[in-house]
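Subject: Structure handover

Hello,

Here is the structure for you to look over. My notes follow below it.

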Amino acid sequence: MPITLRPALPLDIDALWALRTVAVRVGCATHYAPEQITVWTASPVPPAYAAMLAAGGGIVAMQDEAIAGYAMLDVDKHEVDAVFVDPARAGLGIGKRLLAALEDLARGRGIARLHLSASLNAVPFYAAAGFTALREEAYAHPSGISLASVAMEKALEAA
């Protein structure tokens, strides 16, 4: 069951969003209230997703002809927008591979520093990948709720 990476395509958006919804429901349940998860996962795909894909900022991990995970880079903001893995495929290193590929993509675009707003459950993942926590913050989610998160950043070494 090898894992392959490929660019994310506009036709992937619905599948990516469905994977994200399951990942949030499973992975974030240990750090956020059920009411928050319900509102968070009911939100529609943000318009920015199509723009990020059009700019070449999406990467999909495939396993057994199924989407196993994905990562999104907002090239204009130098921001890691998303790294999500199918919870049924957790622990296989998919998230780590996706984040490394996103960093390579950023380097290729001349980006020297990446930043992100990590959900509380994802902080150890990003810290293990070399991101430094800057501050705790309240992330204003597009659904209207506020989510506790941690602002993080990483300086990228030249390729």
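Does W17 count as buried, partly exposed or exposed, and what is its relative accessibility? W17 counts as buried, because its relative accessibility is 13% and the cut-off for buried is under 20%. Please keep in mind that this is a predicted model.

**Around W17**

W17 is found in helix 1. Leaving aside residues up to four places away in sequence, W17 touches S43, P44, V45, P46, Y49 and Y70. F84 is 67 residues from W17 in sequence. In space, the C-alpha atoms of W17 and F84 are 9.6 Å apart.

**Record and overall make-up**

UniProt, in an unreviewed entry, places the feature "domain: N-acetyltransferase" at residues 3–157. Over residues 3–157, helix makes up 34% of the chain and strand 34%. The end C-alpha atoms of that stretch are 25 Å apart.

**The pocket**

The largest pocket has a volume of about 1200 Å³. It is lined by 50 residues. A82, V83, F84, S119 and Y126 are the closest of these to its centre. Several elements supply at least two residues each to the lining: helix 1 (13–27), helix 3 (48–54), strand 4, helix 4, strand 5, helix 5 (123–128) and strand 7. Strand 4 gives the most, with 7 residues.

**The cores**

The largest nonpolar core has 25 residues. Those with the most contacts inside it are L73, V80, L114, L116, Y126, F131 and M152. Two or more residues each come from strand 2 (58–63), strand 3 (66–74), strand 4 (79–85), helix 4 (94–108), strand 5 (113–119) and strand 7 (146–155). Helix 4 gives the most to this core, with 6 residues.

L114 is a good place to start looking. Not counting residues up to four places away in sequence, L114 touches L73, H78, E79, V80, E103, A106, F131, M152, E153, K154 and L156. Apart from this core lies another, of 23 residues. Among its members are V24, I37, M52 and Y70. Y70 is also one of the residues that W17 touches.

**Salt bridges**

The count comes to 7 salt bridges. Here are some of them.

- R6 and D12: their side chains meet at 2.8 Å, N to O. R6 counts as partly exposed, at 25% relative accessibility. D12 counts as buried, because its relative accessibility is 5%.
- R107 and D104: the closest N and O atoms are 2.8 Å apart. Both residues belong to helix 4, and they are separated by about one helical turn because they are 3 residues apart. R107 is partly exposed, with a relative accessible area of 23%.
- E137 and R135: their side chains meet at 3.7 Å, N to O. E137 is partly exposed, with a relative accessible area of 26%. R135 counts as partly exposed too, at 48% relative accessibility.

There is also a network of salt bridges, which links E103, D104, R107 and K154. Two of its members, E103 and K154, are among the residues that L114 touches.

**Where to look**

For the pocket, start from A82, V83, F84, S119 and Y126, the lining residues closest to its centre. Y126 is also listed among the residues with the most contacts inside the largest core. For the charged groups, start from the network of E103, D104, R107 and K154.

Best wishes

Key. Residues are numbered from 1 along each chain as its sequence is written. This is a predicted model: local features need pLDDT of at least 70, side-chain atom pairs count only at pLDDT 80 or more; totals for chains, interfaces and linings use all residues. Side-chain values use heavy atoms; hydrogens and water are left out. A nonpolar core is a set of buried Ala, Val, Leu, Ile, Met, Phe, Trp, Tyr and Cys residues joined through side-chain atoms within 4.5 Å. Buried means under 20% relative accessible area, exposed over 50%, partly exposed in between (1.4 Å probe, protein chains only). Helices (H or I, at least four residues) and strands (E, at least two) are DSSP runs, numbered from the N terminus. Contact means heavy atoms within 4.5 Å. UniProt positions are given in the numbering used here, feature names are shortened, and annotations may be inferred rather than shown by experiment. A salt bridge is a side-chain nitrogen of Lys or Arg within 4 Å of a carboxyl oxygen of Asp or Glu. On a 1 Å grid over the protein atoms alone, a cavity is a set of points where a 1.4 Å probe fits but cannot get out, and a pocket is an open set with protein on both sides within 12 Å along at least five of seven lines; lining residues have an atom within 4 Å of a point. Grid points are joined across faces, edges and corners, and a volume is the space filled by probe spheres set on the points.
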